[in-house]
Amino acid sequence: MAGGMNRKISAASARAHTRRAKQNSSFKLPSGMLKKTVLLFFVGFLAWAYKATQPPPPKICGSPDGPPVTAARIKLSDGRHLAYKEHGVPKEKANYKIVFVHGFDSCRHDAVIAKTLSPEIVEELGIYVVSFDRPGYGESDPNPKRTVKSMALDIEELADQLGLGSKFYVIGFSMGGQVLWSCLKYIPHRVAGAGLLAPVVNYWWPGFPGNLSGEVYNQQLWQDQWAVRVAHYTPWLTYWWNTQKWFPSSSVAAHSTDILSPQDKELMTKFSGREKYMAQVRQQGEFESLHRDMIVGFGAWEFSPLDLENPFPNNEGSVHLWHGDEDWIVPVMLQRYIALQLPWIHYHELPGAGHLFPHADGMSDTIIRALLTGEK
């Protein structure tokens, strides 16, 4: 009996001993090591996040790793190069000299006014046009310090180095049209006249009623709302947002047809020639071209265009703004408000026209005659 009891006790003890052995053999990190492991993972995540937000260096034209230089270029006072292309009559014989500013994801070859203007008007009026690659596009050096003001100063220096005289005309399309507000602010004494064609609007310009800018902002596609929101509030995330694959980024940069109006889709047939030079547009990298455009264009500006004064108080020149009422990329409502606040602007609203209206047949002739001769 006693022996049996001893055997039972021994068996129970053995089982308890086995449980204790299993418990003791389970692996546990010391609390200090656990904290270090968590910290290591956190540091690793931060390193990944930092790397993901850092754009690669641009491939500068003419550098050992960059594309070749094929365009005529000037060297600016800060050492950067600006590539340009001349159109029309020789500038020495020109009666009107125009600097054309291209839009988003474009280059000097996209000078719609120069490309679609009738030869008869070019000869009749004696028109010279120079288009140029904005910084980071085409063959113009990037400008990591680009600001709203620096673009106007680049245009002024281009005009001076090409000998365009004390005054010249400026025409800009889309994002290039937005640049013209900077010309009217910082170099109005050099501008003979200005034509803004479907200029991009910054929803955060002071002077817009909050309910109006909010309504127009919400008319954009969801991904475009986020693209400009990131560029405005967290510009350091712009590269990551537009290269990540989790969420859709800018529909404009992606060349989505969802943002094209019926007229825009019809006019797309006129863009077949772009295939010859499309690769040049972003060849130095997307960050210093497309993304820098977004950061500057939708960032905090040093001034509001709604506060500008008439640069031509004696009617020695004029400012014209053209916009289509079916523009799905830059909604027309804020242009109407700008025209009301700046009554000295000649505002032309085009019924049924989309964002690409300058490419419509005869449109360039109409724009040029209105700007240069006052013809309606």
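This report describes a helix, the internal spaces, the salt bridges and some surface and backbone details of a predicted model.

**Helix α5**

Helix α5 covers residues 148-161, and 10 of its 14 residues are buried. Among the buried ones are Val148, Met151, Asp154 and Leu158. Gly163 comes after α5 and has a positive phi, near 70°.

**The cavity**

The structure has one cavity of 30 Å³ or more. The largest cavity holds about 80 Å³ of space. Its lining includes Val148 and Met151, along with Arg134, Arg146, Asp293 and Trp301. Three helices, α5, α6 (175-186) and α12 (287-297), each supply at least two residues of this lining. Of the contributors, α6 gives the most, with four residues. By type, the lining of the largest cavity has six nonpolar, three polar and three charged residues.

Two of the lining residues, Arg146 and Asp293, are also salt-bridge partners, with their closest N and O atoms 2.9 Å apart. Asp293 is in helix α12 and Arg146 in the loop between β4 and α5, 147 residues apart, and the pair links these distant parts of the chain. Both ends are covered: Asp293 is buried at a relative accessible area of 2%, and Arg146 is buried at 7%.

**Other salt bridges**

The count of salt bridges comes to 18. Three of the pairs are set out below.

| Pair | Closest N to O distance |
|---|---|
| Arg108 and Asp133 | 2.6 Å |
| Arg190 and Asp160 | 2.7 Å |
| Asp293 and Arg146 | 2.9 Å |

In the pair of Arg108 and Asp133, Arg108 lies in the loop between β3 (96-101) and α3 (112-116), and Asp133 in the loop between β4 (127-132) and α5, so the bridge ties together parts that are 25 residues apart in sequence. Arg108 is buried, with a relative accessible area of 3%, and Asp133 is buried, with 0%.

Arg190 and Asp160 form another bridge. Arg190 is in the loop between α6 and β6 (191-197) while Asp160 belongs to helix α5, so this pair ties together parts that are 30 residues apart in sequence. Arg190 counts as buried at 9% relative accessibility, whereas Asp160 is partly exposed at 44%. Another residue of α5, the buried Asp154, is linked with Asp78 and Arg80 in a network of salt bridges.

**The largest pocket**

The largest pocket has about 920 Å³ of space. It is lined by 41 residues, of which Phe104, Val252, Ile259, Ile329 and His355 are the closest to its centre. Helix α8 (residues 222-233) gives the most to this lining, with three residues. The lining of the largest pocket divides into 22 nonpolar, 13 polar and six charged residues.

**Surface patch and backbone**

Trp222, Trp226, Trp246 and Phe247 make a nonpolar surface patch of about 480 Å². Trp246 sits in the loop between α9 (238-241) and α10 (262-267) and is exposed, with a relative accessible area of 61%.

His255 lies in the loop between α9 and α10. It is not a glycine, yet its phi is positive, about 60°. His255 is partly exposed, at a relative accessible area of 44%. Ser174 also has a positive phi of about 60° without being a glycine. Ser174 is found in the loop between β5 (168-173) and α6 and is buried, with a relative accessible area of 9%.

Technical notes. Residues are numbered from 1 along each chain as its sequence is written. This is a predicted model: local features need pLDDT of at least 70, side-chain atom pairs count only at pLDDT 80 or more; totals for chains, interfaces and linings use all residues. Side-chain values use heavy atoms; hydrogens and water are left out. Buried means under 20% relative accessible area, exposed over 50%, partly exposed in between (1.4 Å probe, protein chains only). On a 1 Å grid over the protein atoms alone, a cavity is a set of points where a 1.4 Å probe fits but cannot get out, and a pocket is an open set with protein on both sides within 12 Å along at least five of seven lines; lining residues have an atom within 4 Å of a point. Grid points are joined across faces, edges and corners, and a volume is the space filled by probe spheres set on the points. Ala, Val, Leu, Ile, Met, Phe, Trp, Tyr, Cys and Pro count as nonpolar, Asp, Glu, Lys and Arg as charged, and the others, Gly among them, as polar. Patches are made of residues with over 30% relative accessible area and no salt bridge: like charges are joined within 9 Å, nonpolar side chains (Val, Leu, Ile, Met, Phe, Trp, Tyr) within 5 Å. Accessible areas come from the Shrake-Rupley method with a 1.4 Å probe; for residues, only the protein chains shown count as cover. A salt bridge is a side-chain nitrogen of Lys or Arg within 4 Å of a carboxyl oxygen of Asp or Glu.
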